[in-house]
Amino acid sequence: MATICLQLSLHQPHVLRRYSVFDQGEHYFDTFRTREACRRFAERSVLPTNRLLLALMRRHEGAFRISLNVSGTALDLFAKHVPAVIETLHAMADTGCVEFVATPYDKSLAVLYSRGAFVEQVELHRARIRSEFQVTPSVFCNTHMIYGNVLADAIAPLAFDGVVCDGDFDTLAGRSCNRVYLGGRAGVPLLLRNEQLSRDVSERFADRGWDQWPLTAPKFAERLARFDGDAEVVTLVWDYATFGVRIPADAGILDFLRHLPDRVLAYEHLRFATASEAIAAHAPVDTYHPAHFVSRAEHDSKLAAWLGNPMQSHAAHEFYAMEPAIRSAGNPGLLEDWRRLQAVDYLRAMTTADTGLASPPAGSAESPYDSYINFMNVCDNITQRCGLPITA
């Protein structure tokens, strides 16, 4: 029997306001634009998707099960601006068909720069899920599924049952991505995203030039059912933005989701399971050790969506270099601002590469260069709050 592990990811950053070199205030975020971004996202995607998922869970009485990767920032912002989103998440959790996956609280790149900041973000998110839903996440998924051996080693002491990450074709070397593997020195169980099937929905669904358009729930379920004997766990990962933002509702994407569980469960050898259930049900078959970081945006070590040009690299290095001074300052407000600014969305806004990775709006700047200048102006102000001299 093949297990279908479906994970949906939800993130919403604070929107940075325009912050010039002449600004001296400590208010870095645009409250109005953040609220409006939350409301638009909720109305176009999150609420319709959650209501549909809730109906499907109730109708299938435990047979339709999913994992949710919801950032701490998204929980905070929706609780403040669109509480109906939190209400629907609670209703879904009450069905017993949802597993919340742990992730860095603000969707940061901390694992690349600061082990301490990374662990702190993960534990803060774990605590936030525990306090909100009375469950403790047992499976981890890093920001945009960025994975490397250093990630597995950083996660091992945190006692997770496994990690959901992306599969690199070169590392797999012909092996199936639809199995459970072991990563890192401690042998952490890994679920690898099925890239082709995930992207066929998130990137190709509305592409009329695609040779398999239109993609319907029966056709997709048939593809899942055709997997041969080495397919034990098929892991599908989609952003909420897929449903109503990146792909408009009038393209039929919600209808696709509405009919998918029925079509999948019509096959006796297919079943849905959460990430922890899939890991528990299938023994690891081999090790998985990428030679470099991989992510759902790309399969190379550059991580170009966030660190692909000198502006992004400089901003990230300067930002994390402030950590010792920020912690020494003993200012809770300063530390909270620094944590919020770890969100990768601000680095994403500086990219000059066409990565095909959509992100929620994170700032008011009009160009990658303007985004860089805006972010660095904020960093200069944080430096002043730490009592450090500003470096050119």
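1. Let's start with a residue in the interior: Trp238 is buried, its relative accessible area being 0%. Keep in mind as you read that this is a predicted model. The partner to look at is Phe220, which is also buried, again with a relative accessible area of 0%. The ring centres of Phe220 and Trp238 are 6.2 Å apart and their planes meet at 50°, so this pair is tilted. Phe220 belongs to helix α9 (residues 217-225) and Trp238 to strand β8 (residues 233-239), so the contact ties together parts that lie 18 residues apart in sequence.

2. Since α9 has come up, have a look at how it packs. What is the angle between α9 and α10? Helix α10 covers residues 253-265, and the two helices pack at about 40° with their axes 8 Å apart. An angle of 35 degrees or more but short of 65 falls outside the parallel and perpendicular classes, and α9 and α10 are therefore oblique to each other. Their crossing is right-handed.

3. Just ahead of that helix there is a peptide bond worth a click. Trp213 and Pro214 are joined by a cis peptide bond, with omega at about 0°. Pro214 sits in the loop between α8 (195-202) and α9.

4. Back to the rings. The model holds 20 aromatic pairs in total. One of them is Phe118 with Phe140, an edge-to-face pair with 5.8 Å from centre to centre and 85° between the planes. This pair links distant parts of the chain: Phe118 is in helix α5 (residues 115-133) and Phe140 in strand β4 (residues 139-140), 22 residues apart. Are these two residues buried or exposed? Phe118 is buried at a relative accessible area of 0%, and Phe140 counts as buried at 0% relative accessibility.

5. Some rings join up into a group. Tyr113, Phe319, Tyr320, Trp338, Tyr346 and Phe375 are linked by ring pairs into a cluster. If you colour these six residues in your viewer, you can follow the cluster by eye.

6. A charged side chain also meets a ring here. Arg126 lies over the face of Phe160, at 3.9 Å from the ring centre.

7. Next door in sequence to that ring is Ala159, in the loop between α6 (149-155) and β5 (162-166). Ala159 is exposed, with a relative accessible area of 56%. How far is Ala159 from Phe140? The two are 19 residues apart along the chain, and their C-alpha atoms are separated by 10.0 Å. The Phe140 end of that distance is buried, at 0% relative accessibility.

8. Helix α5 also contains Glu120. Glu120 has a relative accessible area of 18% and is buried, because the cut-off for that class is under 20%. Along the sequence, Glu120 and Arg339 are 219 residues apart, yet C-alpha to C-alpha the distance in space is 9.8 Å.

9. You may be wondering about the cysteines. How many disulfides are there? The count is zero. Cys177 is in no disulfide, and the nearest cysteine sulfur, that of Cys165, is 11 Å away. Cys177 is buried, with 15% relative accessible area. Cys379 is likewise in no disulfide, with the nearest cysteine sulfur, that of Cys386, 10 Å away. Cys379 counts as buried too, at 3% relative accessibility. A disulfide needs the two sulfur atoms within 2.5 Å, which is why neither distance qualifies.

10. Finally, two backbone details to check. Lys107 has a positive phi of about 55° although it is not a glycine. Lys107 lies in the loop between β3 (98-100) and α4 (110-113), and at 7% relative accessibility it counts as buried. Ala173 is the other case: its phi is near 50°, a positive value in a residue other than glycine. Ala173 is found in the loop between α7 (169-172) and β6 (180-183). Whereas Lys107 is buried, Ala173 counts as exposed at 64% relative accessibility.

Key
Residues are numbered from 1 along each chain as its sequence is written. This is a predicted model: local features need pLDDT of at least 70, side-chain atom pairs count only at pLDDT 80 or more; totals for chains, interfaces and linings use all residues. Side-chain values use heavy atoms; hydrogens and water are left out. Rings of Phe, Tyr and Trp (its six-membered ring) pair if their centres lie within 6.5 Å; planes under 30 degrees apart count as stacked, over 60 as edge-to-face and the rest as tilted. Helices (H or I, at least four residues) and strands (E, at least two) are DSSP runs, numbered from the N terminus. Buried means under 20% relative accessible area, exposed over 50%, partly exposed in between (1.4 Å probe, protein chains only). A charge sits over a ring if NZ of Lys or CZ of Arg is within 6 Å of the ring centre and within 35 degrees of the ring normal. Axes are lines fitted to C-alpha atoms, for helices over the stretch in contact, and angles run from 0 to 180 degrees between N-to-C directions. Angles under 35 degrees count as roughly parallel, over 145 as roughly antiparallel, 65 to 115 as roughly perpendicular and the rest as oblique. A crossing is left-handed if the near helix is turned anticlockwise from the far one by less than a right angle, and right-handed if clockwise.
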